[in-house]
Amino acid sequence: MREYSIFEIDRMLDDMTVLVDTREQDTSAFRRRMERIGRPYERQKLDFGDYSCAVTDPDGNRVCLDHLFAVERKMSLDELCTCFTRERKRFEREFLRAKEAGGRLILLVENASLDKALAGQYRSQMHPDALLASLFAWSARYQAPVHFCTAQNSGAMLFRILRYHLKVCLENGGRLS
């Protein structure tokens, strides 16, 4: 990527298309989430994560950023606990693929908060200390920020996460940092 002016970046941010991994199921919750994002979206296979984005650069070229960053969405702490226990190897491979590609995954957990994780307010045998240890270790090991939200605002959160990662990437000539 080349360096862009502030005006070019603003136009590209306004033009952002959300990329949705083909494995994301088309449910009523998915459709509500996409409606709340308020941006056009396209389904395509992503090498890691569930959501990323693409833009059209000032020269008219389509630029997909799925190799640089993506959001891995979990619908609850219950699902996250399963990822850290029974599906840990598969879950870790997702983050390793991102890291090996020079990309980054951002973890978004719906219907959750740090307070709920601390209090063990989820249906899993995983101890809250183990859940938090895994979350913080993942965050440090894979430079994977963790965000919590309600299901109602997950579309708005997805939009903001993608938009600001895109903005930083465009301001840094194709790098996140």
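1. Let's start with an edge you can find quickly on screen: strand 1 (residues 17–21) and strand 3 pair over four bridges, in the antiparallel sense. For a landmark in that pairing, look for V18, whose bridge partner in strand 3 is C53. Please keep in mind as you look around that this is a predicted model.

2. Strand 3 has a second neighbour. Three bridges join strand 3 to strand 4 (residues 62–64), and these two strands run antiparallel. Here V55 stands opposite V63 in strand 4. Strand 3 and strand 4 form a hairpin, with five residues between them. If you check backbone angles, stop at G60: this residue lies in the turn and has a positive phi of about 90 degrees.

3. How many residues of strand 3 (residues 51–56) are buried? Five of the six are, so strand 3 is largely enclosed by the rest of the structure.

4. Strand 6 is worth a careful look too. Seven of the seven residues of strand 6 (residues 104–110) are buried, so this strand is largely enclosed by the rest of the structure. Both of its faces are covered. On one side you will find R104, I106, L108 and E110, and on the other L105, L107 and V109, all of them buried. Note that the buried residues on the first of those sides include R104 and E110.

5. Which strands pair with strand 6? Strand 5 (residues 69–74) is joined to strand 6 by six bridges, and the two run parallel. Within that pairing, V71 has I106 as its bridge partner in strand 6. Strand 7 (residues 146–149) is joined to strand 6 by four bridges, and that pair also runs parallel. In this case L107 stands opposite V146 in strand 7.

6. Now to the helices. Two packed helices are described by the angle between their axes and the distance between the axes. Helix 3 (residues 77–84) and helix 4 pack at about 95 degrees, with axes 6 Å apart. Helix 3 and helix 4 are therefore roughly perpendicular to each other. From helix 3, L80, T82, C83 and F84 meet R88, R90 and F91 of helix 4. By class, this contact of helix 3 with helix 4 has four nonpolar, one polar and two charged residues.

7. Helix 4 (residues 88–100) has another packing partner in helix 6 (residues 128–142): their axes come within 11 Å and cross at roughly 25 degrees. That makes helix 4 roughly parallel to helix 6. The crossing of the two is right-handed. On the helix 4 side, R88, F91, E92, F95, L96 and K99 take part, meeting S134, W138, R141 and Y142 in helix 6. Sorted by class, the contact of helix 4 with helix 6 has five nonpolar, one polar and four charged residues.

8. One residue in that contact deserves its own point. Is S134, which sits in helix 6, buried or exposed? At 7% relative accessibility, S134 counts as buried. Leaving aside residues up to four places away in sequence, S134 touches F84, R88 and M126. Of these, F84 and R88 also take part in the contact of helix 3 with helix 4.

9. Finally, a residue to contrast with S134. R160 lies in helix 7 (residues 154–171). With a relative accessible area of 46%, R160 is partly exposed. R160 and I6 are 154 residues apart along the chain, and their C-alpha atoms are separated by 18 Å.

How values were computed
Residues are numbered from 1 along each chain as its sequence is written. This is a predicted model: local features need pLDDT of at least 70, side-chain atom pairs count only at pLDDT 80 or more; totals for chains, interfaces and linings use all residues. Side-chain values use heavy atoms; hydrogens and water are left out. Axes are lines fitted to C-alpha atoms, for helices over the stretch in contact, and angles run from 0 to 180 degrees between N-to-C directions. Angles under 35 degrees count as roughly parallel, over 145 as roughly antiparallel, 65 to 115 as roughly perpendicular and the rest as oblique. A crossing is left-handed if the near helix is turned anticlockwise from the far one by less than a right angle, and right-handed if clockwise. Contact means heavy atoms within 4.5 Å. Ala, Val, Leu, Ile, Met, Phe, Trp, Tyr, Cys and Pro count as nonpolar, Asp, Glu, Lys and Arg as charged, and the others, Gly among them, as polar. Buried means under 20% relative accessible area, exposed over 50%, partly exposed in between (1.4 Å probe, protein chains only). Two strands pair if DSSP finds at least two bridges between them.
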